[in-house]
Every structure is written in structure tokens, then in C-alpha cells.
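Reader: I am new to reading protein structures and would like to go through one feature at a time. Could we look at it together?

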Amino acid sequence: MTDIAREGHRGRPAAQHADLSQARLRRRYAAERRFKLYGVLAICLAIGVLGILLFSVVSKGYTAFVKTEIGLDVYFDPEEIDPEGTRDPAVLADANYDRVIRDAFERTFPEVSERRERRALSDLVSSGAWLVLRDRVLEDPSVIGTTERVWFRASDDVDMLMKGYIPRDVPETARRVSDAQIAWIDALDEAGQVGTRFNLDFFTAGDSREPELAGIWGAVVGTFLTMVVTLVLSFPLAVATAVYLEEFAPKNRWTDLIEVNINNLAAVPSIVFGLLGLAVFLGWFGLPRSAPLVGGMVLALMNLPIIIIAGRASLKAVPPSIREAALAVGASRLQVVTHHVLPLAMPGILTGTIIGMAHALGETAPLLMIGMVAFIVDIPSGFTDAATVLPVQIFLWADSPERAFVEKTSAAIIVLLGFLVIMNALAVILRRRFERRW
Amino acid sequence: MQLTILATTLLLLTLIGFYLGRSRAVASAGGNRRQLHSLPGYHGVYVALWCGLPALFIVALWLVVEPHVIEALVLSGLPEGMTDVGPGQLSLLINEIRNAANGVSFFGEPNPAVVAAAERYNALHQIGFAAMGVVAAAAAIGGLAWARRRIAPNMRARNRVEKAIMAILIVLSTISVLTTIGIVLSLLFESIRFFSRVPVTEFLFGLQWSPQTAIREDQVGSSGAFGAVPLFAGTMLITLIAMCVAVPVGLLSAIYLADYASPRVRSVVKPVLEVLAGIPTVVYGFFAALTVAPFVRDAGASAGLDVASFSALAAGLVMGIMIIPYVSSLSDDVMNAVPQTLRDGSYALGATKSETIRQVVFPAALPGIVGAILLAVSRAIGETMIVVMAAGLAANLTANPLEAVTTVTVQIVTLLVGDQEFDSAKTLAAFALGLLLFCVTLILNIIALRVVRKYREKYD
């Protein structure tokens, strides 16, 4: 036996043969390892890119949750605010608070006298800063005539400077903040008159052309209204369709057509649904532009196939024995479905619905078509008001040239991703808790 | 607001109908429920259906018909000479009246005739709504009374209710078909109007795309050329780049997950990969425009290449990342569907794992994988936000990935967002592009689904 082996085939020396096969084996194992490595590399690449994406968004956006404020000792000049001394709210609301702020700046930096420089000085605070003073005076008119330290929101450029996004070591012409402004800010900073605070307004304000005043509340409310319409329309429709197709429909050409149709609708590009909305809902029905009602209708149509497919899958998962048992004790076919099959399939349908809603929540393109890209400052209060939604708000801000909007955009993305994480977590919990394997 | 009140009233009436029907059924059997053919609840639902459905039908009809009727009435009431203008002017006029009726006015001093028409419009609207409310309520109450009178112990309420519910189910499940018809019709109508101005052949085979139509005769650079070839070339270029990223990465991850990974690794990695599909496309667009595009530009500059700031490469790369999970999870499924016996046979012949995958599993799964890739391609072609934010706007017939190209979806968005002149060839062109997009993705999907299904049948 060993002799034969040693002799090898065709009289070739055994040692050489073993070497060859060893070498070949080594090559094959190396190829095996390489192949496996490619797989690992591909996965690492995909996950790495995901990491980079999330990191770049978070690192750009987390600073938007704090804001820079400038504290000034404001003298509530009665001459300026209420020259007649009537304390009439209408007069108080109408006073020129911008000048009060300018006076406060002049008292802080008495050496600044030139007109242009003074304007640059008052540009340090946001153009909406006077609202703080107005509210303060309206709330408590007795402050008039006294001096008080008031914290104003800094302008977006100062905010960016303090957060380190505007480099100080470049020539003055290459940045949006002048040397003089930097010097003033540093002086204020040294005197403890520059601070940061949690940016609550980002969550409570509507959109604005001024980055430091812009917030996401309008978009969040718009999103909520749109999602309500989407859910109310798509969920009952989808469940009814899934139940009919899965439980009652006869197998004929008509139901085959419906089925093929639904599968294809699920893959139609979302922008085509936007075109449908534009032509049908706005063009033929004359519904209002930019309204959450229309946006919700478009998203509902887009969502229908997703929920129907998920619903059918979970209806199919209910074992036939349950249906037969119910039929055997005398239930009608509708009773079988409504009393037994549907309740058992509900967790699966709900999971599919949540995933579909999460999908709709992140959708932008079809909403652009029906005019939800308008610049809207007011918080929408009804389904037919002009509104925008969070993803579209992100799109709008991403298009704005100001540096401060990059931060806002990223922060809005963080909020949007937060919502998506919550919805998907809900779906996972629902699945874990209620899913039954038969 | 008024509509909400009406809806609440009708809902309340329906509820009342339900309780009245139920109690009537019990009473008609003399308190002995066993004498009833159907459970009392079915009698209740029977009455409720008779109460709610006719009223609902009336309201829906009114909502559809009312605007047209009022429009016609208001227009006929306008002074002579105001209405015999073109259809575009007429719709402007209607809009003006409607705005005035809602208390919005844009053009300084409004025309007194418009103000009068607006008042008429409001009055008619009020009257119409009141009439509709009365009729709907009457129908609800009438239906309720009629159905309630019919209740008797031997009435087959359950069968009737079930028949009605079945009809409702059938109607609802045809909505998906209606949606498709709606899409096709809306795209088709506008496209036909477009093609009556621009010949189909020019649209499909023209090499020049510049959709600005001249407002003045002597305007420069607004010839209004509608050749869609550059758009399709751009779409294909970006899709190709995306596929060059997504196919290798997605396929290799799928192979690793299907054949190498331990169940624990798989249960972690698979959901993480699927997160890539769950991220909103607008986020990818932001990432492409702000992070990847500058990176590509700088990398190109340091290599001595001139890269456009909205290069096709950046958009394609990011789109490829987005597509990865579509490729990987579908291919994972098809490779898992390859029977274990095939693998075992290959191992028994002494093949290593990678040899088995490359020479047995992969060829066996190939049709399914092709289907998955086709589905991913149709995703990439229809993807909008990434290219809107990171690809160019100017139509550019080139195969160079470092230059800026534009895509079909980008053009649809730019044509329809912002100020649009309705009825212009420019606006209608968007619908023609949409129709083309719809057809291309539909064909891709049908092929892909057929391939995948055929393949599944082979092994099931």
C-alpha cells in the first residue's frame, strides 16, 4: 500500500506529486480565504459608509441644539419705548426696540462712533432680537426706565464663529465676520457677556430666512398632519384589499390583474405618484396646493401596495386549521375572517403599516410635485393650510447658501432619523411581542 | 369646518341607526333572541348601513360636482365680454374670483365685476352646502326609518350585511387598479398634449435638451429643444456608476451572509445593511452634495483631473450605497433558496466553499440575482432626491463620469417646481418624461418579477 502510494501515478516520484498537490491545495485554500475576505470587506465597506454618513450628519448637526447668546445691559429708555407715558400695550408693541438695542451696544462700546461700524456692531445680534425686548416690556411694563441685562440671540455669523465653523486665521475678506466684529465678540466674551444655551426655539419655531430664527416646528406639524391623512386613508383601504384578495377573491383574470397591478405599483418611482397628484388631485379635483391633505393622499396611494403586500403575507401565515375550526362551529366566512383570522394577523399588518409609514415619512420627491416646497413661516393649523414636511424642509435648507443652514439641515436630519428609529423600533417590538410561529 | 360638522352629524346618525336597529330587532322577537335569524348586532349594522351609505354617496357626489356647477353659474353671471377669452385666461379669471371669495386679493384694486362674482360665488357655495347637508341628512334619516321598519325576526340581516360588506371590499380593492389607471391616464393626457406640440420622434431621438421656450421672439438661447436622449444618457451613466458600487458590494455581502456568516453575525449584519435602505433619500442627497461631491472634486484635483462640482460620479456613488441593500437582501434570499442538496453534492466532490459558491450556487441562483439587479436598476432610474441635490441641471451628452450630467427625474422636478406657466410645452414635457420613466420602470419590473418567479418555481 505505502509502496504504491510512494511510487505515485505514471511513475512520477511520489514526493514531487505530493508537493504539487500540496501546492494546489494551498492555492485553493488561499483562494478560499481571499473569497471570504472579499465578503468581509464588502460588508465592512457598506457598514463603514453607513457609519461615515451618520457621523458626518451628527458631527455637522449636533451644535444646532445650542445657540449663542449675547448679554447686554439694556436701558429701557422711556423716551424711546413710551414717550407719552401711557403704558398702552399698542404703543409698547409698536416701539422701536432696534434702537434700544443699538443704544445698549453703544453704551457697551462707547468708542464706536462711525455709522457703518455701529451697524456692524448691531449686526452681532439676530435681526429678530428686538422681539425679546418687546415681549419683556409687554409682560412687565414696570421695567421701563430701568437697566437690565437681557440675553439676545446672536446672529448666525456670530453663532458660526463661536462654534468654530468660521476660521479666524483667514483674511478678513474671506469670511463673513469682520476683524472688528471678532474683536467686539472677544471683548464681550471676556466680560462674560457671551453664552450658550439650549436652543429650544429650534423645536418651537417655524421656518425663517434667518438661519438663527429658523425652526422645525412648522415642518413637524405639517408632517404630522400629512401622516394622519396617509394613515387614515391607506390603512383601511389596504386592509380591506388584503382581506378581500387573500380570503374571498375567486381566482380569475380580474383578481390576477389586481394582484399583478399591486406588485407593480410597489415599484413605481415615487415621483410618478407626485405627477399623478399634480394632474389629478390639483388639476382635475382642484384641491389646494401645498396642503397636507393632498400630500397625505399622494403618500397614501404610494403606501397602499406596501401595506397590502405585508397584510397579505401575514394573512397567509394564519394556518388554515383555524379557519376550518371556525367554519365547523357554524361561523360564516365573514365571521371567520373578522373574528379569528384578522385579529391573529393584526400584529403583522400593523408592523407592515408602521414600516410603510416610516417609508412615507422620509419621502420627499412626490411632495415637491404638489407644491409642498413653498417657503412657509406659519405653523399649519388644518389639513388644507399650506404646509411643508420635515424631509422637504431638509431639502429646502440644504439648498440655502448660508453656512448656518448646514447645521440646521443636519440637525433636522437628526430629528427625522430619530422619528424613523422610533417607528422602526416600534415595529420590531410589535413583531417580537406578538409574532406567532404556527 | 362645516364639512367636519356634517361628517360628525352623519356619523352620529349612523351610530343611532345601529342602536335603534339592534333594539328593534330584540323587541321584534319579543325579547327572545333565539327567534331572530341573525344576531341583533347584524340588524343594527343593517340599519346603520342604510343610514350611512346613501348619505355618504350624496356628499361625495356633491364634492365632485359642486365646483363645476358653481363655476358655470358664476361665469354665466359675469358681464358680457369678460368670458369670451381663451381657456387660459378663463381659468385665471376663475382663480381670481375664487381668491377674492376667500378674502385674498393680490392685484390692488379688484375689478368690481370680480367682487360681485366672488360674492355670488360665496352665496352659491353657502346655499349649495346647506342644500347638500339637508338632502344628506334627509337621506340618512329616511334610510334609517325605512331599514328599521323592515326589521323582522326572520329577516336575513346577516346575509344582507355580509353581501354589502363584500361589495365594499371589492370596491376598495379595485382602488389600486384605479390608481394605476389614474397614473396612466394623467400622464397620457398631458403627454398627448405635449406631443401635439413637439413630435414624438424629436422627443425620443433628439440630442438637444433645453426646455426654455421663448417668451419674446428675439430671446437668445431659448429655442425650446425637447430631445430626451441626453437625459437618458445621464440617467444611464449615473445608474451604471451606482450599479458598479452596488452589485459587487451587495452580491459579496449576500454571499458572505448566506454561506459564511454564523447565525449571530447574520442576525446583526442583515438589519444593519437594511438600515441603508431605510434612510430617507433626502439625507443621501445632502450627504452626496455636501460630503461626497467635494471629496470627489478634491481627490480629482489632487490627481490632476478636472472634476465638475456636481459630477455624475458623486451622485452615482451615493446612489450605489443606497441600492446595496436592495441587491444584497434579494440575492441573499435567492441564494438561500438554492437547495442544500446541490451544495452537499459539490462538497462531496471535494470542492471548497468558495468553489461551491462560484461554480454551483451562483450559477443556480443567477436568474434570481439578475432579477434582483433589474429591480435595483429600476430603483436607481426612478430615484429622485439624490440626483436633484447632487447632479447637475444642464443636459450634457457625455460618458465622462467626472462631468455634470442631468437625469430624467431631475428635469421633472426642475420643470415642475417653482413658477410654472401652465399649459406651456415646458410643463407638459415633465409629464412626457414621467410617462417614459413609468414605462421603463414598469417593463424592468415585469421582467424582473417574471424572472424571479420562474426561478422560484424551479426549486420549490
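Reader: How far apart do the C-alpha centres of domain 1 of chain B and domain 2 of chain B lie?

Author: Please keep in mind that this is a predicted model. Chain B is divided into domain 1, covering 2–164, and domain 2, covering 223–459, and the C-alpha centres of these two domains of chain B lie 48 Å apart.

Reader: Turning to chain A, in what order do the three strands of the open sheet come?

Author: Strands pair if at least two bridges are found between them. In chain A the order is β2-β1-β3, with antiparallel pairing, and β2 (147–153) and β3 (194–198) of chain A are the edge strands, since each pairs on one side only. On average, and ignoring direction, neighbouring strands of this sheet are turned by 40° against each other.

Reader: Over how many bridges do β1 and β2 of chain A pair?

Author: Strand β1 of chain A, residues 66–75, pairs with β2(A) over seven bridges in the antiparallel sense. To follow a single bridge, start at G71(A), whose bridge partner in β2(A) is W151(A).

Reader: How many residues of chain A are in contact with chain B, and which helix of chain A gives the most to that side?

Author: The size of an interface is often given as the accessible area lost when the parts come together. Here we can count residues instead: 65 residues of chain A are in contact with 67 residues of chain B. Helix α2 of chain A, residues 14–61, gives the most to the side of chain A that touches chain B, namely 18 residues. Sorted by class, that side of chain A has 49 nonpolar residues, 13 polar residues and three charged ones.

Conventions
Residues numbered from 1 in each chain as written. Chains lettered and ligands numbered in written order. Predicted model: local features only at pLDDT ≥ 70, side-chain atom pairs only at ≥ 80, totals over all residues. Domains from an automatic or database assignment. Helix = DSSP H or I, 4+ residues; strand = E, 2+ residues; numbered from the N terminus. Axes fitted to C-alpha atoms, helices over the stretch in contact; angles between N-to-C directions. Contact = placed C-beta atoms within 7 Å. Nonpolar A, V, L, I, M, F, W, Y, C, P; charged D, E, K, R; others polar.
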